[in-house]
Amino acid sequence: MPTTRLIFLMLAFEVCARAELALNVPAVELKPKPEDEEVETTFKFRNKGDKTVKILGLESACSCLSAEIDKAEYKPGEEGTGHASFKVSTFVGRHEKFITVSTDDPKQPEWQVNFILDVPAIVDIKPKNLQWWIGDQPAQKACLVQFKGPEPMKIIKITPTRENVDFDWKEIKEGREYLIKVTPKSTKDVTMGALKIETNSPIAKYRYQLAFFSITRKPEPLPAAKP
């Protein structure tokens, strides 16, 4: 066989032979319960290439997420299993995180495994921040606190971090909705503060919530564009 043809065949084989680690799903989804502090899951993946792949390392993009896989080498077509643990902490709503797996394959030196954490919102405060501009009339503003968990909750105490606001609250729907009204005593000075809302939730991370208020300088208008 001519040398040039042999070299061509070797190069063609190198191009075709490759590893390809891939999940069986687009992303690994975790759905913790409201009271969970940590949630664990397993996930499946496969080497879809025609070359054995070696795992060189694994790194998480977030300290809240840790993961490991069951072995360090996967043959073509071989399936693997991973295990992941997510510290839920104060996360609420949908969050996307990932880990990066380093391999010996030059065509796929890094393989990203995506995770979606979907934490149900038990407490919803809208708006989260009540804002006034310096010099505004100290008009009353309000926020609505909604408890959306399986069990009703009650506000038992509210404490402001600053003394320059008056406030009160009332229950709109028993154990489900409260209206908090806030009125600044003055809008002369820049002020940043919060209302510490204490509830009777048996789940520690939902026992205390924050609603914010601020008095800030109104931003200068942008100069008009020249024609």
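Which residue in β15 does Lys 173 stand opposite? In this predicted model, Lys 173 stands opposite Glu 177 of β15, and the two strands concerned offer a convenient way into the structure. Strand β15 covers residues 177-184 and is joined to β14 by 8 bridges, the two running antiparallel.

These strands belong to an open sheet of 4 strands, whose order is β10-β12-β15-β14 and whose pairing is antiparallel. The edges of the sheet are taken by β10 (123-126) and β14 (165-173), each of which has a single partner strand, so one side of each is left without a neighbour in the sheet. On average, and with direction ignored, neighbouring strands of this sheet are turned by 20° against each other. As background to this arrangement, strands of a sheet pair through backbone hydrogen bonds, either parallel or antiparallel.

From the sheet we turn to the nonpolar interior. The largest nonpolar core has 48 residues, and those with the most contacts inside it are Phe 43, Val 113, Phe 115, Val 145 and Ile 180. Strand β9, which spans residues 110-119, supplies the largest share of this core, namely 5 residues. In soluble globular proteins, nonpolar side chains tend to be buried together.

Phe 43 deserves a closer look. With a relative accessible area of 5%, Phe 43 counts as buried, because the limit for that class is under 20%. Leaving aside residues up to four places away in sequence, the residues that Phe 43 touches include Leu 23, Val 28, Ile 69, His 83, Val 113 and Phe 115, and the same list also contains Gly 80, Thr 81, Gly 82 and Ala 84.

Phe 43 also takes part in ring pairing. A pair of aromatic rings is described by the distance of the centres and the angle of the planes. The structure has 6 aromatic pairs. Phe 43 and Phe 45 form a tilted one, with 6.4 Å from centre to centre and 40° between the planes, and Phe 45, at 1% relative accessibility, counts as buried. The pair of Phe 43 and Phe 115 is instead edge-to-face, with 5.7 Å from centre to centre and 85° between the planes. Since Phe 43 lies in strand β3 (residues 38-47) and Phe 115 in strand β9, this pair ties together parts that are 72 residues apart in sequence. Phe 43 and Phe 115 are both buried. Ring pairs further link Phe 43, Phe 45, Tyr 74, Trp 111 and Phe 115 into a cluster.

The cysteines come next. The structure holds 1 disulfide, which joins Cys 62 to Cys 64 with a distance of 2.2 Å from S to S. The link of Cys 62 and Cys 64 is right-handed, with 125° about the S-S bond. Cys 62 is buried at a relative accessible area of 16%, and Cys 64 is likewise buried, with 8%. Cys 143 also counts as buried, its relative accessibility being 2%.

A last stop is Ser 214, which is found in strand β17 (residues 208-216). Is Ser 214 buried or exposed? Ser 214 has a relative accessible area of 3% and is therefore buried. Not counting residues up to four places away in sequence, Ser 214 touches Asn 129, Leu 130, Gln 131 and Trp 132, together with Thr 191 and Met 192.

Conventions: Residues are numbered from 1 along each chain as its sequence is written. This is a predicted model: local features need pLDDT of at least 70, side-chain atom pairs count only at pLDDT 80 or more; totals for chains, interfaces and linings use all residues. Side-chain values use heavy atoms; hydrogens and water are left out. Buried means under 20% relative accessible area, exposed over 50%, partly exposed in between (1.4 Å probe, protein chains only). Contact means heavy atoms within 4.5 Å. A disulfide is a pair of cysteine sulfur atoms within 2.5 Å. A nonpolar core is a set of buried Ala, Val, Leu, Ile, Met, Phe, Trp, Tyr and Cys residues joined through side-chain atoms within 4.5 Å. Two strands pair if DSSP finds at least two bridges between them. Axes are lines fitted to C-alpha atoms, for helices over the stretch in contact, and angles run from 0 to 180 degrees between N-to-C directions. Rings of Phe, Tyr and Trp (its six-membered ring) pair if their centres lie within 6.5 Å; planes under 30 degrees apart count as stacked, over 60 as edge-to-face and the rest as tilted.
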